[in-house]
Amino acid sequence: MHHFVLAAIGGGLVGVAAIMMMALNGRIAGVSGILSGVFTQGAGERLWRLLFVLGIVIGGALPPLLNADFKPPLPSAGVLLAVVGGLLVGLGTGLGSGCTSGHGICGIARLSKRSIIATLTFMTAGIITVTLLRLTTGG
Amino acid sequence: MGKLLAALASGIVFGIGMAVSGMTNTKRVQDFLDFFGAWDPTLAFVMGGGLLVTTLGYRFVLRNPAPLFAGSFSLPTKTDIDKSLLIGATLFGIGWGLVGYCPGPALAGLTYGYAPTLAFIPAMIAGLLLAQKIAPKI
């Protein structure tokens with residue numbers, strides 16, 4: 001299957017997950033917010049968050065078990081760059097109240113002005129970063 | 001119990017979506033962000049598929065008085081475009097571009113056993129905790 005089709009199917013599954021989370025638990029399926037809550041919320045709010053996170057890890061493991069084509073190549077960033085990037089992603093999504101799923105999918109689906117602005121902002125910052133990265137490293 | 005199983009099931013579907021869509025492939029994500037270079041539009045299809053399904057689904061779901069396993073819908077209430085939102089989204093975009101991971105795909109890729117992924121996740125959690133500390137000061 002062409003990777004555009006797989007991308008649309010994968011995106012659709014993310015949408016199904018977001019609908020499940022809203023219809024069943026009344027929550028936005030925002031990964032950064034839910035992950036953060038695993039460490040910061042009180043006892044009664046922790047377990048469902050942990051299970052959602054665990055579900056993503058399990059779900060991510062499944063497609064490559066069925067078809068090796070779903071296993072992506074090694075990220076090109078080294079460990080040090082991955083740590084810097086991870087810190088920025090955590091800090092940024094924490095301060096900005098959301099990431100690609102919470103703002104980019106769930107927020108825009110609700111036509112939230114904050115989410116539309118946040119998505120345009122992180123997309124623009126990402127485009128500038130990759131453009132500069134590739135200009136400087138040639139990769 | 002229903003609430004816990006629902007969270008697990010939603011997470012599993014989410015994770016499968018990540019792996020199927022190509023979001024776990026950091027090169028493909030960076031190629032999508034390489035708008036002025038070797039642009040790869042694949043992730044626009046992920047976003048399009050996700051938005052189409054979620055926008056339609058939310059219309060139906062939010063017509064109900066309450067979700068199945070909770071007393072009410074917990075929807076974000078903030079509406080102002082504040083400094084935290086803009087600074088946060090900018091920092092997130094920089095980190096996303098540097099590595100090619102946002103939070104969901106990094107978690108979905110945990111079991112692939114790649115060192116950069118295993119380094120990214122704890123750093124991201126540290127960043128989320130740091131944000132809690134400094135958010136009141138912005």
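A crossing of two helices is right-handed if the near helix is turned clockwise from the far one by less than a right angle. Keep that convention in mind for the pair described below. The model itself is predicted.

Start with the helix pair. α6(A) passes α4(B), residues 83-99 of chain B, in a right-handed crossing. The two helices pack at an angle of about 40°. Their axes lie 7 Å apart. From α6(A), the residues in this contact include R114(A), I117(A), A118(A), T121(A) and F122(A). Further along α6(A) come others, among them A125(A), G126(A), T129(A), V130(A) and L133(A). They meet residues of α4(B) that include L85(B), L86(B), A89(B), F92(B), G93(B), W96(B) and G97(B). By class, this contact has 14 nonpolar, 7 polar and 1 charged residues.

Now widen the view to the whole interface. Here 101 residues of chain A are in contact with 104 residues of chain B. On the chain A side, the elements that give two or more residues are α1 (3-25), α2 (31-40), α3 (43-66), α4 (79-95), α5 (100-109) and α6 (113-137). Which of these gives the largest share? α1(A) does, with 22 residues. By class, the side of chain A that touches chain B has 63 nonpolar, 32 polar and 6 charged residues.

Turn next to chain B. It has 6 helices and 0 strands. Read along the sequence, the pattern is α-α-α-α-α-α. The C-alpha trace of chain B spans about 45 × 40 × 30 Å along its principal axes. Chain B has 138 residues, and 53% of them count as buried. Among the contacts in chain B with a separation of 6 or more, 48% come from residues 24 or more positions apart.

One helix of chain B deserves a closer look: α6(B), residues 115-134. Why is a span of 28 Å expected for this helix? It has 20 residues, and each should add 1.5 Å, with the count taken as one less than the number of residues. The end C-alpha atoms are 29 Å apart, which agrees.

Which residues of α6(B) are buried? They are P116(B), T117(B), A119(B), F120(B), I121(B), A123(B), M124(B), G127(B), L128(B) and A131(B). These buried residues pack against elements of both chains. From chain A the partners are α2 and α4. From chain B they are α4 and α5 (103-108). Thus α4(B) appears twice in this account: it meets α6(A), and the buried residues of α6(B) pack against it.

Methods
Residues numbered from 1 in each chain as written. Chains lettered and ligands numbered in written order. Predicted model: local features only at pLDDT ≥ 70, side-chain atom pairs only at ≥ 80, totals over all residues. Contact = placed C-beta atoms within 7 Å. Helix = DSSP H or I, 4+ residues; strand = E, 2+ residues; numbered from the N terminus. Nonpolar A, V, L, I, M, F, W, Y, C, P; charged D, E, K, R; others polar. Axes fitted to C-alpha atoms, helices over the stretch in contact; angles between N-to-C directions. Buried ≥ 20, exposed ≤ 12 C-beta atoms within 10 Å, placed from the backbone.
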